[in-house]
Amino acid sequence: MDIKNLTIEEKLRLLIGFNRWQTNDANGKVPSLFLSDGPNGLRMMNVDTGETFKATVMPNISHLANTWDEDLAFLDGETIANECIEYGADVLLAPGVNIKRTPLCGRNFEYFSEDPYLSGVMAKSYIDGVQSKGIGTSLKHFCANNREYDRRYVSSEVDERTMREIYLPAFEKALEAKPWTVMNSYNQLNGVWLAENKKLLKDVLRDEFGFDGLVVSDWSASHSAWRSIKNGTDLLMPYREKDYVELKDAYDKGLLADEDIERAINRLFELINRCKTSDKKVVSYTKEERHNSALKIAKEGIVLLKNEDNILPLNAKNILVGGYHDAIGGGGSAQAITEYQSKSVYELVAEKLPNSNVSTCNGLLATRKLHEVYDLKDAVKQAVKNDVVVLSVSSYNETESLDRENAYLMREQEETILAVAKYNPNVVVVVNAGSYIDMSRWIDKVKAVVWAGFAGEASKEAVASVLTGETCPSGKLTETFPLAIEDTPTGYDIGDMFTNRYTEGIYVGYRWYEKYDIPVAFPFGHGLSYANFEYSNLKIEKIGETDYNVYVDVKNLSNIDAKEVVELYVKDVFSSVSRPEKELKGFKKVSLKAGETKTVKMSLNYRSFAFYSTMLDKWHIENGEFEILVGASSQDIRVKGVIDIELDEKEQYTLW
Ligand code: BGC
């Protein structure tokens, strides 16, 4: 592999794909790489037939996020990397860390959270997991691509502070894992395509964030091949002859210099070296073990949203279980295909509860196909005879390339819930979805809601395990569930066809609802357990000028083993600039045996207290008091303390 041995034609061909998934091999002089989706399990295609190989369908990224467990993010990445090794993929096109600005974004199931800190921390572990096996990752989509509608043309108009505080930090944090590639996004940012955005690709990504890998375009995201290469994209995917023609023409006209071409080729060579010389590429998990990883993550990402009268775990005599439970993931490039055949939730619950009469009926089976309802009368007849009814429902419209028009379940599924709830007061609804569902039409009529998320191929096993109490639920929401779409910062607004102004600024997700006192259905970080926890003994230890360790004792008050996600927020008590009520700056998932107490340690640093000052062009802390808030959700703070930060006077700019 020597750049000197390449003709200019070969060099230019190296800048574009060879086909949909492979890089060019410069007439056999350079090894070709196979890049493959995706975040929720390997979606590798046979390049000749277009057929997708069967793989382990992992819980979707949104579900992984709900575990709040960095070790599981590592396991997820490591598990998918095993499949990459087996099938011969060199780079996994994942993970995506775009912020969930609106619940209607059709691709939210592929993203972690509305919160940049959480997204960054989880993505970092996922990348570590994949790359620990000698497989590259592609941190995507860089950046401010927060909806699907018009994604190839729209310009996201975002102010500098909002970029710094909301849309860039997840990338910045995840970059600590040194992903081998970063994928830019389809949209424009403030009028410049991301594939050609020198400020973002060079000044921010390379010079400031220190990224040393290869920048790949999103598939056909480049509008001008030569401008993209010149301004910091290193590889244009997939193959398009027009890109080659354009590059050649630009080179002949002197628009593209040899140094631009060589810079990009050197990045590709570095990536090839990383991919082809790694001795870590050894399959360490069997197919069965991969399924077990999927199951472990699936169980821990399930969120118990509501559980009136402790109806769960199930312990009734007569239980009816049914519904539509086959939506295990979202659609588009992230949709992996499994050959795993799972038993139904009904069969699994029946097996786990041999002392109950567990039955099912087809009448509950409103599918997610429009207007397909079964015998609802029969369902109601069965519901009357049982003590509890468990009903699975699934969202029907979450996919790449499309935003959702609304956040309701299909009418038929809502009708089924309402009909059954009319005749049985003990209904448990299991929701399979990748992003917020508006439950307002039925939630008051049911006793419990289990958020099964998009839990992958092990979804049914995981749900049955939670329903029966074999697994104590420990997932928590990583996006706020509002009362209605109208309450969200963006509502139903889709911009003006050309631009999408981020007028809410830094007030995204819980930052928005808290700032403007908007009540929500379920707050960010919410999730119930079958156990109860007590928080006490908050200690804040100063270990550097702006570095602190935070300790809190968490006790499991119940007689079952359980896990709790401990959330750490920081509030700037008074600030000269507008700031969120509080922001997530740490978290830890802790496992507690019945009655056990553990001291949980989390850390804070400069960035935990700073805002981005566009006047100083840097992160800045304003002296004063900061509240340290630790709790079970953003709206359930259990213990708090206050610290006073007094930095050198020379660093301060206000007279307060
Ligand atoms: C998606 C990427 C994906 C790529 C390759 C694009 O349309 O936005 O996330 O990795 O296709 O399938």
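**Figure 1. Ser401, a partly exposed residue with a relative accessible area of 42%.** This and the following views come from a predicted model, and the residue at the centre of this one, Ser401, is found in the loop that runs between strand 12 and helix 14, the latter spanning residues 411–423. Its backbone deserves a careful look, since the phi angle of Ser401 is near 80 degrees, which is a positive value in a residue other than glycine.

**Figure 2. Asn190, in the loop between strand 6 and strand 7.** Strand 6 covers residues 188–189 and strand 7 covers residues 192–193, with Asn190 placed in the loop that lies between them. Here, too, the backbone has a positive phi in a residue other than glycine, with a value near 45 degrees for Asn190. With a relative accessibility of 42%, Asn190 is counted as partly exposed.

**Figure 3. The whole chain, for orientation among the close-up views.** The chain is made up of 656 residues, of which 62% count as buried, and its secondary structure comprises 17 helices and 26 strands. Its radius of gyration is 25 Å, close to the 26 Å that the globule rule gives for 656 residues, so the chain is as compact as a globular protein of that length. Taken along the principal axes, the box filled by the C-alpha atoms is roughly 80 × 70 × 50 Å.

**Figure 4. The ligand and the residues around it.** There are 13 residues around the ligand, and those that come nearest are Asp37, Arg107, His141, Tyr186 and Asp218. Sorted by character, the residues of this shell divide into 5 nonpolar, 2 polar and 6 charged. In the side chain of His141, an N or O atom lies 2.7 Å from an oxygen atom of the ligand, and for Tyr186 the distance from a polar side-chain atom to a ligand oxygen atom is 2.7 Å. Lys140 also offers a polar side-chain atom, which lies 2.9 Å from an oxygen atom of the ligand. The ligand taken alone exposes 310 Å², and the protein buries 94% of that area.

**Figure 5. The cis peptide bond between Asp37 and Gly38.** The bond that leads from Asp37 to Gly38 is cis, and its omega angle is near 0 degrees. Gly38 belongs to the loop between strand 1, which covers residues 35–36, and helix 2, which covers residues 61–65. Asp37 connects this view with the preceding one, as it is among the residues that come nearest to the ligand.

**Figure 6. The cis peptide bond between Met237 and Pro238.** Met237 and Pro238 are joined by a cis peptide bond, for which omega is about -10 degrees. Pro238 has its place in the loop between helix 8, residues 225–230, and helix 9, residues 241–252.

**Figure 7. Asn146 and the polar contacts of its side chain.** Asn146 is located in the loop between strand 3, which runs over residues 136–142, and strand 4, which runs over residues 155–157. The residue is buried, with a relative accessible area of 5%. Its side chain reaches the backbone oxygen of Ile99 at 2.9 Å, and the side chain of Asn146 also makes a polar contact, at 2.7 Å, with the side chain of Tyr502.

**Figure 8. Cys84 and Cys275, two buried cysteines.** The structure holds 0 disulfides, and Cys84 accordingly takes part in none, with the nearest cysteine sulfur, that of Cys275, lying 10 Å away. Seen from the other residue, the sulfur of Cys275 has its closest cysteine sulfur in Cys84, and because the two are 10 Å apart they are too far from each other for a bond; a disulfide would require the two sulfur atoms to be within 2.5 Å. Cys84 is buried, with a relative accessible area of 0%, and Cys275 likewise counts as buried, at 1% relative accessibility.

**Figure 9. Ser392, a buried residue in strand 12.** Strand 12 is formed by residues 388–394, and Ser392 lies within it. With a relative accessible area of 3%, Ser392 is buried. To place the residue in the wider chain, one may compare its position with that of Tyr244, which is 148 residues apart from Ser392 along the chain, while the C-alpha atoms of the two are separated by 50 Å.

Definitions and conventions:
Residues are numbered from 1 along each chain as its sequence is written. Side-chain values use heavy atoms; hydrogens and water are left out. Buried means under 20% relative accessible area, exposed over 50%, partly exposed in between (1.4 Å probe, protein chains only). A residue is near a molecule or strand if one of its heavy atoms lies within 4 Å of it. A polar contact is a pair of N or O atoms within 3.5 Å; within protein, one must be able to donate a hydrogen and the other to accept it, and residues adjacent in sequence count only if both atoms are side-chain atoms. Accessible areas come from the Shrake-Rupley method with a 1.4 Å probe; for residues, only the protein chains shown count as cover. Ala, Val, Leu, Ile, Met, Phe, Trp, Tyr, Cys and Pro count as nonpolar, Asp, Glu, Lys and Arg as charged, and the others, Gly among them, as polar. Helices (H or I, at least four residues) and strands (E, at least two) are DSSP runs, numbered from the N terminus. The radius of gyration is taken over C-alpha atoms; the globule rule is 2.2 Å times the number of residues to the power 0.38.
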